Amino acid sequence: MLELFKLPEKISESKMRIADRRGFILYIVITVLLGLAIMAFALNTFKTGAVTQLSRNVDQNRLALLAQSANSEVIAMLKSQVNLNPSSQTFAKFRSVFPTAGSPPPALPVTVDLISNFEPQKTVQLAKVGYNLKIRSSAVLTVFRRSSLNSMSAYNGYIDVISKAWREGAGEITMEAHERRDVRLIDLRHTLDKYALFVKNYSNDYNNTSRRLIVDGIKNVGTHDISRIFIGTDNYPTCVDPRKDLWFDIYYDDHKDLQGFAQIFGGNNLKEFPLAAETPADYPKFNRLFFESNKPFTSLGGVSVGMFVMNKQVTNEYERVINFAADACMTAAGVATEPYRVAAALKTKCQKAIQKLGNPNAYAQMMCQDFVDKAAGGNYANCEEFKKLLVTCQQNWTYRWGYTDAASLWKVDTPGRAPQDSTMPDRYAGLSNISMGSGNYGPYMSEYREVSGGAQYNPERWHVGVMQQFYGSDNDTPVLIEGKAYMRFFKLAYLDEFTATVPFFNPAPVNIRVITSKYLRKDKTGSFLTTPLTAELASNLYSDKLMKSRAIDDLSLNSLWGEKIKCYNGDGQQVEYDPMQYPAPIIEKPAQPAGSNVPATRFGRAVDFRNASWNYVSSTDFLAERAPGDGKLLYLDGFMYIMAGDLDLSGVTHFQGKGLIYIARGNCRLGNLERLNDQPTSDSLRIYLRQGDFIINPAVDDVVIEGSLTAFYDDPQGSSDPLQQGSIILSDRTRVTIYGNLLVDSLDLEASGNSGLAENGVLHIIHDPAVYNAAVTLNGTPLDPYHVSIGPVKTSFSFRAGGEES
Amino acid sequence: MDNARWIVVLSVILSMMVTLTLLKRYAGGPRLETPTTVENVAQTESARPAEQNRSVISLPSRREIPRFGQVSFPKPAVHTFSVDQPRDFDKMNESIKNEGALIR
């Protein structure tokens, strides 16, 4: 039986192997499937976590990016509105920091909510591509510091911009980006803006006829706004003249229509000295008198005929009469007459005549006897017959005088200032006729060229000519002129000739020729020329009580305008300045508050460097950043400080924006430079040189510069060294126009080394109303005097990730 | 372990490699980029970012001084009546010597 169940050995082994393999294959399959399952499961788990994490990362990154974008958009919006969009809230809110007439300066620190809960549209548009995101921004201005100078209205502050971004409905993810930017706020107006021209140092060019200066003030007649001009006398030439002033020669053609001219002279018609009827027709006439008058000698007062005993015209006539009497004696005695004699020789001649005639009752001998008895050399004062002549003179003399300008007396267009031909006759010769003076100069010039105390008495006095045009191109624009500035015109005077019969022993006609009242300096006393009269000769307003021909040089230059000038005083009150007074109420110092006593020498614009919006080490840095590309356009952004020049703006032709370029050291070269945008625009340029000169580009002629140019040397101020004086080098240009204002230490229109104007060149300064007061309204458009600079750099930047917004 | 069992182990390893390779290929994960040479930029000094050239269409020159028919000025600002005193300049000059040098 056992054998029955016993399988053949070979069969059972093979069957067993088959059974084993089946299990093995199944095992492999299961193993593979299990491996795949594990892998799939692991992968699924991994993917799910990664995707979740990734999506959160993406969300956060996206939100962070959008929050930054929102901040940038807010900054961009603020920048675009803060200076350029007066109708925007941003514009107004930034300016709310500045004090106004109605609101005092704020207590610092002060915060201003610029925007709150603002939705930056551009960023939101970007965000809504695929996601429904919410973005809200806010910006707060914090102002924490004011300029340390009262004259500078400027503030330091910063803006905090915060933008939050979150997914709508998934508020657990919120990103908040915060950034801070520095802000500089400045009111560019300054006390010097009211000056169209401010020159601290003495200049001898104010009557220059070959280089002209024209100042056009703001045209706003009737209000209290008026351009000012300050003319200083620092570094006046060394001289002994107690008056170290400046004189401006009026010119009939320029000034005849000004009210002051008419008031001073009683009209503006030209007049001439009258001549006797028998005067030849070709006798030179002086017909450029603004005022002409005459008085009998007896009504002048203060002078006596005794002052004329040594006068040539009188003594000559008396000598003629006595010679005639002596000759008459000799003729009557039948002897030959002797030649014409004077003084002691005449006395000898008279003695001989008396001896020859020997008739004490003869009138001729009586006259000779009087001469022999009383004459003392050339002095005939004690002669009775001479006294009769003087009395006749006293009774017949007519004093004539008239007022004219320098251009009528001298050839002011020529360098030597030769006398006009019309002044050749004695009656017109008192000031400029060379024969009456010394050297090659007439009395007026020679008296002031005279060396006294080692220097000329006063060289400024003899710079005669035609005053520069301070009342505009058409002489119709008022300005208020400060400084020791006096107008000047001249008086020509003489005692007119006459013919009259003198009651000598034998009455005889005499002809006393014109006695020229020539100019004599005031300190040379003892002459009828410098003896005060009791009569007033002045036509109006001023005083003239001297017989000499002279300069009337003590009227304020402002009186030429002829009316009260409305203006603001140093305290900002509306006042009226009345120049039509005598003595002249000149304004010696620049306008300043009561109690302040700052001399013009120390005027300038101090700045607080911490208010600077940009600091540049060099002008190269400045130009690279502010005038990029071809360098023709300059972008201004508030108060920009450059440590060292020279700053070469000769390649810059236009500017945009508003700013003050303050150069601590170095010159500034300028060519044509104007606003890019037409006025009315708030764009304006101010350049202040603390230690340097403006240099006009010599390669350009007919230069036009729109800007306020100031070169006031500081540290030291008031130096007599030309290298330490701020000026404008005009580079021999024919025409330089400054539409703004010009404030310099020294101004030389005619100078050696091509630094002045070319011959017949013109420096034309037109006071820009937007410089005079940067808050002006032009043609209905109010301009903005403020500038806000928002820094390009984030001074602080942070993120906050959180939740809760939904 | 006999040879058959080694075959099983190797087949499992092989199948896992194939699976991972396929997964990696079709899962769309990040691929390794060929490394590129980063340009070595000198960073010796941080220059100010200069503005790019702005395109200006034209820079017309007027050369005429504008005249305005209507000009009205507000009352001058209070600070424009302040005059810098000599001590202000002295202070400023000190400031230039100290703070002014710091910006260098």
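**Exercise 1. Pairing in a parallel sheet**

Which residue is the bridge partner of C668(A) in strand 28 of chain A? Identify the partner in this predicted model, then place the two strands in their sheet.

*Solution.*
- Step 1. The bridge partner of C668(A) is F694(A), a residue of strand 28 of chain A.
- Step 2. Strand 25 (residues 668-670) and strand 28 (residues 694-696) of chain A run parallel and are joined by three bridges.
- Step 3. Both strands belong to an open sheet of four strands in chain A, with parallel pairing and the order 23-25-28-30.
- Step 4. Strand 23 (647-649) and strand 30 (728-729) of chain A are the edge strands, each pairing on one side only.

**Exercise 2. Overall dimensions of chain A**

Compare the radius of gyration of chain A with that of a compact globule of 806 residues, and describe the extent and burial of the chain.

*Solution.*
- Step 1. For a compact globule of 806 residues the radius of gyration would be near 28 Å, whereas chain A has 47 Å.
- Step 2. Along the principal axes, the C-alpha atoms of chain A fill a box of roughly 225 × 55 × 45 Å.
- Step 3. Of the 806 residues of chain A, 47% are buried.
- Step 4. Among contacts in chain A between residues at least 6 apart in sequence, 67% join residues at least 24 apart.
- Step 5. The secondary structure of chain A comprises 13 helices and 35 strands.

**Exercise 3. The nonpolar core and helix 6**

How many residues does the largest nonpolar core have? Examine helix 6 of chain A for its length, its buried residues and their cover.

*Solution.*
- Step 1. The largest nonpolar core has 218 residues, and those with the most contacts inside it include I322(A), C329(A) and M640(A).
- Step 2. Leaving aside residues up to four places away in sequence, M640(A) touches A612(A), S613(A), W614(A), Y616(A), G659(A), L660(A), I661(A) and Y662(A).
- Step 3. Helix 6 (residues 312-333) of chain A has 22 residues; at 1.5 Å a residue it should span 32 Å, and because its end C-alpha atoms are 31 Å apart, the two values agree.
- Step 4. I322(A) and C329(A) are among the buried residues of helix 6, as are V314(A), Y318(A) and A325(A).
- Step 5. The cover over the buried residues of helix 6 includes helix 7 (343-357), helix 8 (363-374), helix 9 (384-396) and strand 16 (508-512) of chain A.
- Step 6. After helix 6 comes G334(A), with a positive phi near 80°.

**Exercise 4. A strand covered on both faces**

Which residues of strand 8 of chain A are buried on each side? State also how strand 8 pairs with strand 14 of chain A.

*Solution.*
- Step 1. In strand 8 (residues 246-249) of chain A, L246(A) and F248(A) are buried on one side, and W247(A) and D249(A) are buried on the other.
- Step 2. Strand 8 runs parallel to strand 14 (residues 485-495) of chain A, and four bridges join them.
- Step 3. D249(A) has R488(A) of strand 14 as its bridge partner.

**Exercise 5. The contact between chains A and B**

Describe chain B and the side of chain B that touches chain A.

*Solution.*
- Step 1. Chain B has two helices and one strand, in the order α-β-α from the N terminus.
- Step 2. Of its 104 residues, 13% are buried.
- Step 3. The contact takes 49 residues from chain B and 69 from chain A.
- Step 4. On the side of chain B, helix 1 (3-27), strand 1 (71-72) and helix 2 (86-102) each give two or more residues; helix 2 provides the largest share, nine residues.
- Step 5. By class, this side has 24 nonpolar, 15 polar and ten charged residues.
- Step 6. Strand 33 (residues 777-778) of chain A pairs with strand 1 of chain B in the antiparallel sense over two bridges, and T777(A) stands opposite S72(B).

**Exercise 6. Backbone exceptions**

Where in chain A do P583(A) and P680(A) lie, and is S731(A) buried or exposed?

*Solution.*
- Step 1. Most residues other than glycine have a negative phi, and most peptide bonds are trans.
- Step 2. The bond from Y582(A) to P583(A) is cis, with omega near 0°; P583(A) is in the loop between strand 20 (574-577) and strand 21 (614-618) of chain A.
- Step 3. The bond from Q679(A) to P680(A) is also cis, with omega near 5°; P680(A) is in the loop between strand 26 (674-675) and strand 27 (684-689) of chain A.
- Step 4. S731(A), although not a glycine, has a positive phi of about 55°.
- Step 5. With 22 other C-beta atoms within 10 Å, S731(A) is buried, the threshold being 20 or more.
- Step 6. L541(A), also not a glycine, has a positive phi of about 70°; with 18 other C-beta atoms within 10 Å, L541(A) is partly exposed.

Key: Residues are numbered from 1 along each chain as its sequence is written. Chains are lettered from A and ligands numbered from 1 in the order in which they are written. This is a predicted model: local features need pLDDT of at least 70, side-chain atom pairs count only at pLDDT 80 or more; totals for chains, interfaces and linings use all residues. The radius of gyration is taken over C-alpha atoms; the globule rule is 2.2 Å times the number of residues to the power 0.38. A residue is buried if 20 or more other C-beta atoms lie within 10 Å of its own, exposed if 12 or fewer, and partly exposed in between; C-beta atoms are placed from the backbone. Two residues are in contact if their C-beta atoms, placed from the backbone, lie within 7 Å. A nonpolar core is a set of buried Ala, Val, Leu, Ile, Met, Phe, Trp, Tyr and Cys residues joined through C-beta atoms within 7 Å. The expected span of a helix is 1.5 Å times one less than its number of residues. Ala, Val, Leu, Ile, Met, Phe, Trp, Tyr, Cys and Pro count as nonpolar, Asp, Glu, Lys and Arg as charged, and the others, Gly among them, as polar. Two strands pair if DSSP finds at least two bridges between them.
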